[in-house]
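Thanks for coming. I will talk through one structure today, and you can follow along on the screen.

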Amino acid sequence: ETIKSTHTCRLDIPWLPKEATEAHIMPGLAHTSLVLIKVLCNAGCKVMYDGDHCVVYFNNKIVWKGL
């Protein structure tokens, strides 16, 4: 099945740079967020993977952790 974005929004994550908060609304993913690593990196974040974990840094500080 293919789902498509219906519109865009800004995520309410004030500790991320504004450029990293643009998101696409995907009706089929109402309870989940997908964040593009490319968007985070283009906004000046550094993304590191360690096993099953993902850590996002901005200005040398951890700003987000994920599994």
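Start with strand β3, residues 46-50, which is joined to β4 by five bridges, the two running antiparallel. One bridge to look for pairs methionine 48 with valine 55 in β4. Between β3 and β4 the hairpin has two residues, and glycine 51 there takes a positive phi near 65°. Please keep in mind that this is a predicted model.

Move along to the next pair. Strand β4, residues 53-58, and strand β5, residues 61-66, are paired in the antiparallel sense, over five bridges. Here valine 56 has tryptophan 64 in β5 as its bridge partner. The hairpin of β4 and β5 has two residues between the strands.

Which residues sit in that loop, and what is their phi? Asparagine 59 lies in the loop between β4 and β5, and its phi is near 55°, a positive value in a residue other than glycine. Asparagine 60 is found in the loop between β4 and β5 as well. Its phi is about 65°, again positive, although asparagine 60 is not a glycine.

Are these two asparagines buried or exposed? Asparagine 59 counts as exposed because its relative accessibility is 59%, and the cut-off for exposed is over 50%. Asparagine 60 is exposed too, with a relative accessible area of 78%.

Now step back to the whole chain. The secondary structure comes to one helix and five strands. Read along the sequence, the pattern is β-β-α-β-β-β. The C-alpha atoms fill a box of roughly 35 × 25 × 20 Å, taken along the principal axes. The chain has 67 residues, and buried residues make up 21% of them. About 5500 Å² is exposed, and carbon and sulfur atoms supply 54% of that area. Take the contacts between residues at least 6 apart in sequence: 17% of them join residues at least 24 apart.

The helix is α1, residues 37-42, and lysine 38 has its place in it. Lysine 38 counts as exposed because its relative accessibility is 63%. For a sense of distance, go back to the loop of β4 and β5. Lysine 38 and asparagine 60 are 22 residues apart along the chain, and their C-alpha atoms are separated by 18 Å.

Next, the inside. In soluble globular proteins, nonpolar side chains tend to be buried together. What makes up the largest nonpolar core here? It has ten residues in all: Ile13, Leu16, Ala20, Leu40, Ala43, Cys45, Val47, Cys54, Val56 and Val63.

Take valine 47 from that list. Leaving aside its neighbours within four places in sequence, valine 47 is in contact with Ile37, Leu40, Cys41, Cys54, Val55 and Val56. Among these, Leu40, Cys54 and Val56 are also members of the core.

Two of the core residues are cysteines, Cys45 and Cys54, which raises a question. How many disulfides does the structure hold? It holds zero. A disulfide is a covalent bond between the sulfur atoms of two cysteines.

Why is cysteine 45 not bonded? The closest cysteine sulfur to its own is in cysteine 41, at 7.4 Å, and that is too far for a bond. The cut-off used for a disulfide is within 2.5 Å. Cysteine 54 is in no disulfide either; its nearest cysteine sulfur, again that of cysteine 41, is 9.0 Å away. As for burial, the cut-off is under 20% relative accessible area. Cysteine 45 is therefore buried, at 7%, and cysteine 54 also counts as buried, at 15%.

The last stop is threonine 21. Where is it? Threonine 21 is found in the loop between β1, residues 7-10, and β2, residues 22-25. Is this residue buried or exposed? Threonine 21 is buried, because its relative accessible area is 5%. Its side chain reaches the backbone oxygen of lysine 18 at 2.7 Å. Leaving aside neighbours within four places in sequence, threonine 21 is in contact with Cys9, Arg10, Leu11, Ile13 and Leu16. Of those, Ile13 and Leu16 are in the largest nonpolar core.

To close, two residues to compare on the screen. Threonine 21, in the loop between β1 and β2, is buried, whereas asparagine 60, in the loop between β4 and β5, is exposed.

Note on methods. Residues are numbered from 1 along each chain as its sequence is written. This is a predicted model: local features need pLDDT of at least 70, side-chain atom pairs count only at pLDDT 80 or more; totals for chains, interfaces and linings use all residues. Side-chain values use heavy atoms; hydrogens and water are left out. A nonpolar core is a set of buried Ala, Val, Leu, Ile, Met, Phe, Trp, Tyr and Cys residues joined through side-chain atoms within 4.5 Å. Buried means under 20% relative accessible area, exposed over 50%, partly exposed in between (1.4 Å probe, protein chains only). Contact means heavy atoms within 4.5 Å. Helices (H or I, at least four residues) and strands (E, at least two) are DSSP runs, numbered from the N terminus. A polar contact is a pair of N or O atoms within 3.5 Å; within protein, one must be able to donate a hydrogen and the other to accept it, and residues adjacent in sequence count only if both atoms are side-chain atoms. Accessible areas come from the Shrake-Rupley method with a 1.4 Å probe; for residues, only the protein chains shown count as cover. Two strands pair if DSSP finds at least two bridges between them.
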